Amino acid sequence: MAVRRFTPEGMLQPTPYEHVAVGTGTRHVHVSGQVARAADGTPLAPEDLAGQVAHALRATARGLRGAGASFDDVLRLTFYVTDWAPEKIGPFMAGVEEVAAEIGLRVPLPPSSLIGVDHLFEPDVLVEVEATAILD
């Protein structure tokens, strides 16, 4: 495997992600911000944070597969969530847990950032997911 993930002793715990990832491959894969949209652009899971997280992660998995990668190869995930507030962590994690087994996303997650933003490119988009992976 080209990626080793871990949390060194003394770093904040518990977290739903590992703090460190070391990649040793030569081919990098970057999946742009994925949102809860069908291939034809139809919005999926309107006004449902958990549903949009799940659909955005499914789209991210499709992008990774298209490059010959999987979540096992992911060094880092970045989530952008509109109008973020700490009480949204439950629905956010419910969306992750809903699809984790289906798409091969292990928990704890790869090193991840969740960034609260005022809005994304369209008003109904609640979450966007980006991934960086490395392959041998």
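T78 counts as buried because its relative accessibility is 12%, and buried means under 20%. This value, like the others below, comes from a predicted model. T78 is found in strand β4, which covers residues 74-82. What does T78 touch, apart from its neighbours within four places in sequence? The residues in contact with T78 are S113, I115, E128, V129 and E130. Of the strands that hold these partners, β5 covers residues 112-117 and β6 covers residues 127-135.

The sheet can now be followed strand by strand. It is an open sheet of four strands in the order β3-β6-β4-β5, and the pairing is mixed. Which strands stand at the edges? They are β3 and β5; each has a single partner strand, so one side of each is left without a neighbour in the sheet. From one strand to the next, the twist averages 10°.

The pairs of strands can be taken in order, beginning at β3. Strands β3 and β6 run antiparallel and are joined by six bridges. In this pair, H28 stands opposite I134 of β6. Next, β4 and β6 also run antiparallel, with seven bridges between them. Here F79 has V129 in β6 as its bridge partner. The pair of β4 and β5 is parallel and has six bridges, and T82 stands opposite V117 in β5. Strand β6 is mostly covered, since seven of its nine residues are buried. In a regular strand, side chains alternate between the two faces of the sheet.

The helices come next. Helix α1 packs on the sheet and touches β3, β4 and β6. The direction of α1 makes about 30° with that of β6. Helix α1 also meets a second helix. Two packed helices are described by the angle between their axes and the distance between the axes. For α1 (residues 49-66) and α2 (residues 89-103), the axes come within 7 Å and cross at roughly 35°. This crossing is right-handed.

Which residues make the contact between the two helices? On the α1 side they are L49, A50, V53, A54, L57, R58 and A61. On the α2 side they are P91, F92, A94, G95, V96, E98, V99, E102 and I103. By type, the residues of this contact divide into 12 nonpolar, one polar and three charged.

Some residues of the helix contact also belong to the largest nonpolar core, which has 29 residues. Those that touch the most other members are L57, L64, F71, L77, F92, V96 and L105. Strands β3, β4 and β6 and helices α1 and α2 each supply at least two residues of this core. Which element gives the largest share? It is α1, with seven residues. L105 shows how parts of the chain come together in this core: leaving aside neighbours within four places in sequence, L105 is in contact with L57, F71, L77, V96, A100 and P110.

A residue of α2 gives a contrast to T78. E97 is found in helix α2. Is E97 buried or exposed? E97 counts as exposed because its relative accessibility is 55%, and exposed means over 50%. E97 and R65 are 32 residues apart in sequence, and their C-alpha atoms are 20 Å apart in space.

How values were computed: Residues numbered from 1 in each chain as written. Predicted model: local features only at pLDDT ≥ 70, side-chain atom pairs only at ≥ 80, totals over all residues. Heavy atoms only, no water. Axes fitted to C-alpha atoms, helices over the stretch in contact; angles between N-to-C directions. Left-handed = near helix turned anticlockwise from the far one by under 90°. Contact = heavy atoms within 4.5 Å. Nonpolar A, V, L, I, M, F, W, Y, C, P; charged D, E, K, R; others polar. Buried < 20%, exposed > 50% of the residue type's maximum accessible area, 1.4 Å probe, protein only. Core = buried A, V, L, I, M, F, W, Y, C linked by side-chain atoms within 4.5 Å. Pairing = 2+ DSSP bridges.
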